[in-house]
Amino acid sequence: KRSLLDVALKNADLISKEFVPGGQQYPPGHQEIEIGLVKLYRVTGDEKYLKTAGFLIDLRGRPETHRLYGEYAQDHRPVVEQSEAVGHAVRAGYLYCGMADVAALTGDKAMVAAIDRLWESATCRKLHLTGGIGARADGEAFGADYELPNASAYNETCAAIANALWNQSMFLLHGDAKYVDVLERVIYNGFLSGVAPTGDRFFYPNPLESSGGYSRSPWFGCACCPVNVVRFIPSIPGFIYATRGDVLCVNLFIPGAATLRLKDTDVEVSQETRYPWDGKVRIMVTPASTRTFTLNVRIPGWARNQPVPGGLYRYAEDVK
């Protein structure tokens, strides 16, 4: 059915028409449309959506086009000159995801270099142990380097989801398993704490410590987190595997089956596991033909005594 896609295209066509050099020249106040425009490009193959996403990203930090929103909205300097993850953590995570997507699809070397710097800033100096980001309640924002409190940590559920999406995009850009290490940590910790096992109560902030009196709520006046959970959980199957040419990557260990298209053949792959309760994983691969292809299975960082990439956290004792 194309009904909702047609609605999206109608709106995106208007945005792409109006937001051009010499036309409307200010970036969105809350960076999400860039991700959507890239998705539309992947679905339709129409390059105007990709160009519009790149245009909106490139507008940030350019006072000749608009009155800057400042660090809060990552609008203090052009994105290709940014090196530190700052400001509202959800906005930042969505922006950085969009940057990684556009960089991967356009090959923009300056944007690749910038998004690598920003990932290092967020992951190596500003990441909570759970994979959550955004230490400060004031501005729902990143703190300074190594400002990682437990009891006062903000760690909005939406920010954890934004961090997961960003790391998935970073993997698709570079093909390095370290990004999936962060994605996995967010899936099992940073975002999952935002919803009760019963599925009807939610956290907006996710502090790592409480002396009591803090509990999940059935709803919020600003209800971004519950509906983001509803969107994110069904998207997780799309993170389990990845393909490029004749390479098949097994990134997450989740029971189920999928048929994936490689360069010259279809491959059916399935998993049996109780992960994360048990580390034993059985992977069954059934190609449709006898053509040669490469199977990459991620060895999790935790299995190599690395809780997260970058060395911000370490285990008290090494365990084989």
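Q: Where is P276 found?
A: P276 sits in the loop between β4 (266-273) and β5 (281-287). Keep in mind that this is a predicted model.

Q: What kind of peptide bond joins Y275 and P276?
A: A cis one, with omega at about 10 degrees. For background, most peptide bonds are trans.

Q: Backbone oddities, then. What is phi of E140?
A: Near 45 degrees, a positive value in a residue other than glycine. Most residues other than glycine have a negative phi.

Q: Where is E140 found?
A: E140 is in the loop between α5 (109-125) and α6 (157-174).

Q: Buried or exposed there?
A: E140 counts as buried, because its relative accessibility is 18% and the cut-off for buried is under 20%.

Q: And N305, what is its phi?
A: About 60 degrees, so positive, although N305 is not a glycine. N305 belongs to the segment after β6. With a relative accessible area of 25%, N305 is partly exposed.

Q: New topic, the sheet. In what order do the three strands run?
A: The order is β1-β2-β6. The sheet is open, and its pairing is mixed.

Q: Which strands stand at the edges?
A: β1 (241-244) and β6 (294-297). Each has a single partner strand, so one side of each is left without a neighbour in the sheet.

Q: What does the twist average?
A: From one strand to the next, the twist averages 20 degrees.

Q: In which sense do β1 and β2 pair, parallel or antiparallel?
A: Antiparallel, over four bridges between β1 and strand β2 (residues 247-250). Pairing of this kind runs through backbone hydrogen bonds.

Q: Which residue is the bridge partner of Y241?
A: V250, in β2. T243 stands opposite L248, also in β2.

Q: How many residues lie between the strands in that hairpin?
A: Two residues separate β1 and β2 in the hairpin. There, G245 takes a positive phi near 65 degrees.

Q: T243 again. Which residues is R261 in contact with?
A: T243 and D266, leaving aside neighbours within four places in sequence. The side chains of R261 and D266 are joined by a polar contact of 3.2 Å.

Q: Which strand does R261 lie in?
A: R261 lies in strand β3 (residues 256-261).

Q: Buried or exposed, R261?
A: R261 counts as exposed, because its relative accessibility is 52% and the cut-off for exposed is over 50%.

Q: How far apart are R261 and P218?
A: In space they are 42 Å apart, C-alpha to C-alpha. In sequence, R261 and P218 are 43 residues apart.

Q: Switching to the interior. Which residues touch the most other members of the largest nonpolar core?
A: Y96, M99, I115, W166, M170, F191 and F232. That core has 80 residues.

Q: Which helix gives the most to this core?
A: Helix α4 (residues 89-106), with 11 residues.

Q: Take F191. What does F191 touch?
A: Not counting residues up to four places away in sequence, F191 touches T157, A160, I161, V186, V229, F232, I233 and I236.

Q: What about Q168, which helix does Q168 lie in?
A: Helix α6. Q168 is buried, with a relative accessible area of 9%.

Q: And what does Q168 touch?
A: L183, G238 and F239, again not counting residues up to four places away in sequence.

Q: Last topic, cysteines. How many disulfides does the count come to?
A: Zero disulfides.

Q: What is the nearest cysteine sulfur to C124?
A: That of C97, 19 Å away. C124 is in no disulfide. At 15% relative accessibility, C124 counts as buried.

Q: How far from C224 is the nearest cysteine sulfur?
A: The sulfur of C158 is 3.7 Å away, and C224 is in no disulfide.

Q: Why does that pair not count as a disulfide?
A: Because a disulfide needs the two sulfur atoms within 2.5 Å, and here the distance is 3.7 Å.

Q: Is C224 buried, exposed or partly exposed?
A: C224 is partly exposed, with a relative accessible area of 25%.

Notes: Residues numbered from 1 in each chain as written. Predicted model: local features only at pLDDT ≥ 70, side-chain atom pairs only at ≥ 80, totals over all residues. Heavy atoms only, no water. Buried < 20%, exposed > 50% of the residue type's maximum accessible area, 1.4 Å probe, protein only. Pairing = 2+ DSSP bridges. Axes fitted to C-alpha atoms, helices over the stretch in contact; angles between N-to-C directions. Contact = heavy atoms within 4.5 Å. Polar contact = N/O pair within 3.5 Å; in protein donor to acceptor, adjacent residues only side chain to side chain. Core = buried A, V, L, I, M, F, W, Y, C linked by side-chain atoms within 4.5 Å.
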